[in-house]
Amino acid sequence: MKRMGYLSAAPRVSTNQNAQTGGPRAHIIGVINAFKANGYEVKTFIVGDRVPQIFTEKDTIKFITKNKIQTLFADFARIFLGLVNSFKAYNELKNNVDIVYERNSLLQSIGWIFKKKGIPWIMESNGIFFEEAKYERNSLILTGIAKKVEVFSYKKSDYVVCVSNTLKDLIVDKAGVDPSKVIVIPNGVDTEFFKKEKYTPIRYFQEFNIGFVGGVIEWQGLDILLNAIHILKMKGVNATITIVGDGPALDSLKLLAKELNIQNQVKFTGRVPFNDIPKYIAGFDIGFSGQINLKKSKMYHSPLKLYEYMSTSKPAIASAFDDAKKLIVDRENGFLFEQGNLDDLVRVIELAYNSIESLADMGEKCREIIVKEHSWDSRIKTMLDIIKEDGNQITNRTVKV
């Protein structure tokens, strides 16, 4: 049997059920299980599963970003731990893996030592982390060092796997990586886990409900959603919102809801256990995936939530970026709007509100599409096929979303 080592250096990222970072948790578990389904024995070195749970269950980002001294301390800690864990991972896994697959981490890299010893190294990128941490989360001081570590990982790894064509272009541009070794693999979903028939829905409102799951971060566009609900209220459209998750924008959103006098139409659940997320999605009428462009670049993410909504037989209202445009046929299995455009979002919510009797049928179409083409198993199979193609030469191919 083929043997793969899964590596993750970030102390905050864990497969623990109560992990603060739910999106990365789902991604890691999905990728690991998909490798197993494709015939691999998987050994893991996930730092977040090895540290005290306080690092993964508590909102440590608030501690890191409290002041520049604490941010700088966290930077040095990441660098030190990255070096220590590189050697620990190699000593533990060196005789048990034929290839390693690493989730990119800020200021840390593990796979380099395996590559140095002749073991192929796949680097997975979900974003330009040195820019995200600096400009979106304000959680980085040593930006120059972080960039060098990230660029080093992209250049030295055998393959770079990223989630969108936009991200691929940024990696090629900022890191000078040969585009022929960068594979675009959008996110996927565990279609058996996100299956509505397995769960009793959790629902807070009887009225038309728009739901969101994920990190409550500025670029999710939730402030625009709240403003849209306020405008619709003035027009006599009684829509509600359920926001499932936690993050740095949560407090400002709560304040905005009060300022708009829609606090009785919005439920903030805070962070919930990962295993309960399908119950909340099952209670939505429609999901929301409203990403806006980042401060330093275009939006390059592949929204996990979009696949999770659709796998749970829920259509979505989504900003019209790559994944959404390829997954959603407007008004057939969901609704698209121009990112960041409040008037367009109001228009689309009103359309969805007036289509409420059709949403269940739209959701079933969503489920069919996801099961057929967008499971994690199919994603990893495609990636492995690309790597093996033409005698292990990477072709400039992109997985069709």
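**Strands, helices and a patch: why the labels fit**

In this predicted model, strand S10 (residues 286-289) points Ile286 and Phe288 one way and Gly287 and Ser289 the other way, and all are buried.

Q: What makes S7 and S10 count as paired strands?
A: Pairing takes at least two bridges between the strands. Strand S7 (residues 208-213) and S10 have 2 bridges, in the parallel sense, so they qualify. One residue to look at is Ile286 in S10, the bridge partner of Ile210.

Q: How do you know that S10 also pairs with S11?
A: Run the count again: S10 and strand S11 (residues 316-319) share 3 bridges, parallel once more. The bar is at least two, so this pair passes. Here Gly287 stands opposite Ala316 in S11.

Q: Why is helix H6 called largely enclosed?
A: Because 6 of the 8 residues of H6 (residues 129-136) are buried. Those are Phe129, Phe130, Glu131, Glu132, Ala133 and Glu136. Their cover includes helix H7 (143-156) and helix H8 (165-175). Just after H6, Asn138 takes a positive phi of about 55 degrees.

Q: Is Asp344 called buried or exposed, and why?
A: Buried means under 20% relative accessible area. Asp344, found in helix H14 (residues 342-354), has 18% relative accessibility, so it counts as buried.

Q: What makes the Asp344 and Arg347 side chains a polar contact?
A: The cut-off for the N or O pair is 3.5 Å, and one atom must be able to donate a hydrogen while the other accepts it. The two side chains make their contact at 2.7 Å, so the distance is within the limit.

Q: What does the side chain of Asp344 have to do with Glu338?
A: A polar atom of the Asp344 side chain lies 2.8 Å from the backbone nitrogen of Glu338. Leaving out residues up to four places away in sequence, Asp344 touches Phe337 and Glu338.

Q: Why is Leu81 called partly exposed?
A: Leu81, found in helix H4 (residues 68-93), has 32% relative accessibility. Partly exposed is what falls between under 20% (buried) and over 50% (exposed), so the label fits.

Q: How do you know that Leu81 is accessible enough for a patch?
A: Patch residues need over 30% relative accessible area. Leu81 has 32%, so it clears that cut-off. Together with Phe80 and Val84, Leu81 makes a nonpolar surface patch of about 250 Å².

Technical notes:
Residues numbered from 1 in each chain as written. Predicted model: local features only at pLDDT ≥ 70, side-chain atom pairs only at ≥ 80, totals over all residues. Heavy atoms only, no water. Patch = residues over 30% accessible without salt bridge, like charges linked within 9 Å, V, L, I, M, F, W, Y side chains within 5 Å. Areas by Shrake-Rupley, 256 points an atom, 1.4 Å probe, with all protein chains shown as cover. Salt bridge = Lys/Arg side-chain N within 4 Å of Asp/Glu carboxyl O. Helix = DSSP H or I, 4+ residues; strand = E, 2+ residues; numbered from the N terminus. Buried < 20%, exposed > 50% of the residue type's maximum accessible area, 1.4 Å probe, protein only. Contact = heavy atoms within 4.5 Å.
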